[in-house]
Amino acid sequence: MPTTPNYRATVRACYLGNLLQSCGAIFAILFVPLRTLYGLTYTQYGLLVSVNFIVQVCSDILFSKPVERLGFRPFAVLSPILTSTGLVLFALAPVLFPGNVFFGFCVGMFVFAAAAGLQELLLSPILDGVPMPEEKKKKAMSLLHSFFAWGQIGAVLITTLLVWVLKAEQWQLITVLWALPPLVNVFLFAKAPLDAKVSAGNAMSLKQLFTSKIFLVVLLAIIFGGAAEVTMSQWASAFIEKGLNLPKLLGDMLGVCGFSLMLGLGRTLYGLKGDSISIHKVMIFGSLGAFCLYLLAALSGSPFVGMAACGLTGFCVSMLWPGSIVVASRELPLAGASMFALMSAGGDLGSSAASFLTGQVADRVEAMGLTSFMGSAVTPEQAALRAGLFFAALFPICCFGINILLQWMTEKKQKGEKS
């Protein structure tokens, strides 16, 4: 007698996958020690972040068709193995590439990012394929992304504590320790039932996706939403320590963890209470709030107000990425894994370009040697980081306009279907 598939195991594996993948947050915490030990520039840090997200984009796209053809399982098992391998290679960069440590960092980041892109491609459609009512699925999708935020908090707290206890010179040991937890999901995904919502033969083609106006607009929404979220996430640690001149331990604990706490709180609240709240309104007001907080962080004369603005940004951007996926899944129910791949690629592309451009702005302003920013007396490094965040406020305000357009288009489509 056939047994009923245990889809609870599938949901748990997806949640744990996002929780463990968040160990990538350690790179933001380790940047200042690596800058001190190896002389990394802000542009190189921005380039590392860009390598991360560019490779994720390529991974999303290149694996989409093989995943549709061969199924989820082999890739779900492979992804955590690659995550661990990338972290180990990153830690071994000074040993494997003593003449060019930065190149070694890029190699480790390349492998880690390939795994991250593959996981982004897999987790949303795997969860989307679990049989459950649509409203419950919307909550589950929001909770899926909330686990990434909660994992970031754990990664930041534990990494900050390890750097404090073991000292920055032991960053390699810290990185290798983080390579162990992702391997747990190798065993979980080897057994959990993994079904596709739409079979490969019935899914929308890429041509059909790119001729859909709603898809193109929601793709733009996730590009700028990803940029708004990840720029603050990746730069908050350096900004709080060097830009606001606060102790690293205080900045990481209250600023960076505050961002992740607010990010996770926003996604969890929507997952639990979002039945009666329009996802469009959440994204519109969230992007507008993020714009205001970026400006407040960059311009505030109080370091504690600036740090609070960094943290609160997490709440405002919390639903920009997962909300775009929810809208795309709802409006394009016949789309397969390719749509999720393109959405993930869009978010990664926005994150990559935004972080790199922010680093470029910071380095160029620092080279100018400015000792004031918007009337405030600061060091050249502080002026550089404030200018970077001021520039990055462009991303959430663009997201604001795009989400207004997206709401109008979906409401118009719904009215047309009713008539």
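Biologist: What makes W235 the centre of a kink in helix α11?

Modeller: In this predicted model, helix α11 (residues 213-243) has a kink of about 50 degrees centred on W235. The bend at a residue is the angle between axes fitted to the seven residues ending there and the seven starting there. Helices are DSSP runs of H or I with at least four residues, and strands are runs of E with at least two, numbered from the N terminus. After α11 comes N245, with a positive phi near 60 degrees.

Biologist: Why is α11 called largely enclosed?

Modeller: Buried means under 20% relative accessible area, exposed over 50%, and partly exposed in between (1.4 Å probe, protein chains only). Of the 31 residues of α11, 26 are buried, so the rest of the structure largely encloses α11.

Biologist: Why is I81 called partly exposed?

Modeller: I81 lies in helix α4. Its relative accessible area is 36%, so I81 is partly exposed.

Biologist: Which helix gives the most to the nonpolar patch?

Modeller: α7 does, with four residues. α4 (73-91), α7 (134-166) and α8 (171-178) each supply at least two. The patch, which includes I81 and W164, has about 940 Å² of accessible area together.

Biologist: How do you know how confident the predictor is in the protein chain?

Modeller: From pLDDT, the predictor's confidence in each residue, from 0 to 100. The chain's mean is 84, and 94% of its residues reach 70 or more. Confidence is lowest in strand β1 (residues 372-373), at a mean of 68, and highest in helix α13 (residues 279-299), at 94. Local features need pLDDT of at least 70. Residues are numbered from 1 along each chain as its sequence is written, and side-chain values use heavy atoms, leaving out hydrogens and water.

Conventions: This is a predicted model: local features need pLDDT of at least 70, side-chain atom pairs count only at pLDDT 80 or more; totals for chains, interfaces and linings use all residues. Patches are made of residues with over 30% relative accessible area and no salt bridge: like charges are joined within 9 Å, nonpolar side chains (Val, Leu, Ile, Met, Phe, Trp, Tyr) within 5 Å. Accessible areas come from the Shrake-Rupley method with a 1.4 Å probe; for residues, only the protein chains shown count as cover. A salt bridge is a side-chain nitrogen of Lys or Arg within 4 Å of a carboxyl oxygen of Asp or Glu.
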